[in-house]
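Subject: A structure to look through

Dear colleague,

I am passing on a structure that I would like you to read alongside these notes. Please keep it open while you go through them, and look up each place as it is named.

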Amino acid sequence: MTSRPAYTELAISAARTALTVADLRAWFHHESANRMRHAVLPGTAEYDEIVKACAERKAELERETEATTKLKRAI
C-alpha cells in the first residue's frame, strides 16, 4: 500500500473514533500537516473520503447528543 492510501485509511479510522464534535474538529485541524505530507489535499479523492468520514461521524455525534438531551429533558 502506498503512502496516500495508507494514510487515508488510517485517517478515516481515526475520524470515526472522535468522542465529540470539538474533538473531531481539533483532530482534523491538527492533521493538516500530515495530509500535506501525504499529498492528501483538497480536490483529491482521498481528501474527499476523509471529509466524508468526518461528516458522517459529526452527524452520528450530533444525533447522540440530541438523544441524550431529549432523555435528560424527559427525566
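Let me begin with a single residue, H38, which counts as partly exposed because its relative accessibility is 21%, and buried would require a value under 20%. H38 is found in the loop between α3, which covers residues 32-37, and α4. When residues up to four places away in sequence are not counted, H38 touches S3, R4 and Y7. H38 also shows how the chain folds back on itself in space, since H38 and P5 are 33 residues apart in sequence, while their C-alpha atoms are 9.0 Å apart.

Before going further, please bear in mind that this is a predicted model. The average pLDDT of the protein chain is 93, and 97% of the residues score at least 70. Among the elements of the chain, α2 has the highest mean pLDDT, at 98, and α4 has the lowest, at 91. As a general caution, predicted coordinates should not be read in detail where pLDDT is low.

The loop that holds H38 has another residue to look at, namely A39, which also lies between α3 and α4. The phi angle of A39 is near 60 degrees, which is a positive value in a residue other than glycine. For comparison, most residues other than glycine have a negative phi. A39 is partly exposed, with a relative accessible area of 32%.

Next comes the pair of helices α1 and α4, whose axes come within 9 Å of each other and cross at roughly 10 degrees. The two helices are therefore roughly parallel to each other, as an angle under 35 degrees counts as such. On the side of α1, the contact is made by R4, Y7, T8, A11, I12 and A15, and on the side of α4 by E46, E49, I50, A53, C54 and R57. Sorted by kind, the residues of this contact are seven nonpolar, one polar and four charged.

Which residues does T8 touch, leaving aside its neighbours within four places in sequence? They are V40, E46, E49 and I50. T8 has its place in helix α1 and is buried, with a relative accessible area of 4%. The C-alpha atoms of T8 and I50 are 6.7 Å apart in space, although the two residues are 42 apart in sequence.

It is instructive to set L10 beside T8. L10 is found in helix α1 as well, but L10 counts as exposed because its relative accessibility is 61%, and the cut-off for exposed is over 50%. L10 and K52 are likewise 42 residues apart in sequence, yet their C-alpha atoms are 14 Å apart.

In helix α4 you will also find A45, which counts as partly exposed at 49% relative accessibility. The C-alpha atoms of A45 and N34 are separated by 16 Å, with the two residues 11 apart along the chain.

Finally, please turn to helix α2, which runs over residues 21-30 and in which V21, L24 and W27 are buried. Seen down the axis of α2, these buried residues fall within an arc of 125 degrees, so they line one face of the helix. What lies over them includes α1, residues 3-15, and α4, residues 45-74. On the other side of α2, the residues A22, R25, H29 and H30 are exposed.

If you would like a place to start, follow α2 from its buried residues V21, L24 and W27 to α1 and α4, which are among what covers them, and then go on to the contact of α1 with α4.

With best wishes

Conventions: Residues are numbered from 1 along each chain as its sequence is written. This is a predicted model: local features need pLDDT of at least 70, side-chain atom pairs count only at pLDDT 80 or more; totals for chains, interfaces and linings use all residues. Side-chain values use heavy atoms; hydrogens and water are left out. Buried means under 20% relative accessible area, exposed over 50%, partly exposed in between (1.4 Å probe, protein chains only). Helices (H or I, at least four residues) and strands (E, at least two) are DSSP runs, numbered from the N terminus. The arc is that of the directions from the helix axis to the C-beta atoms. Contact means heavy atoms within 4.5 Å. Axes are lines fitted to C-alpha atoms, for helices over the stretch in contact, and angles run from 0 to 180 degrees between N-to-C directions. Angles under 35 degrees count as roughly parallel, over 145 as roughly antiparallel, 65 to 115 as roughly perpendicular and the rest as oblique. Ala, Val, Leu, Ile, Met, Phe, Trp, Tyr, Cys and Pro count as nonpolar, Asp, Glu, Lys and Arg as charged, and the others, Gly among them, as polar. pLDDT is the predictor's confidence in each residue, from 0 to 100.
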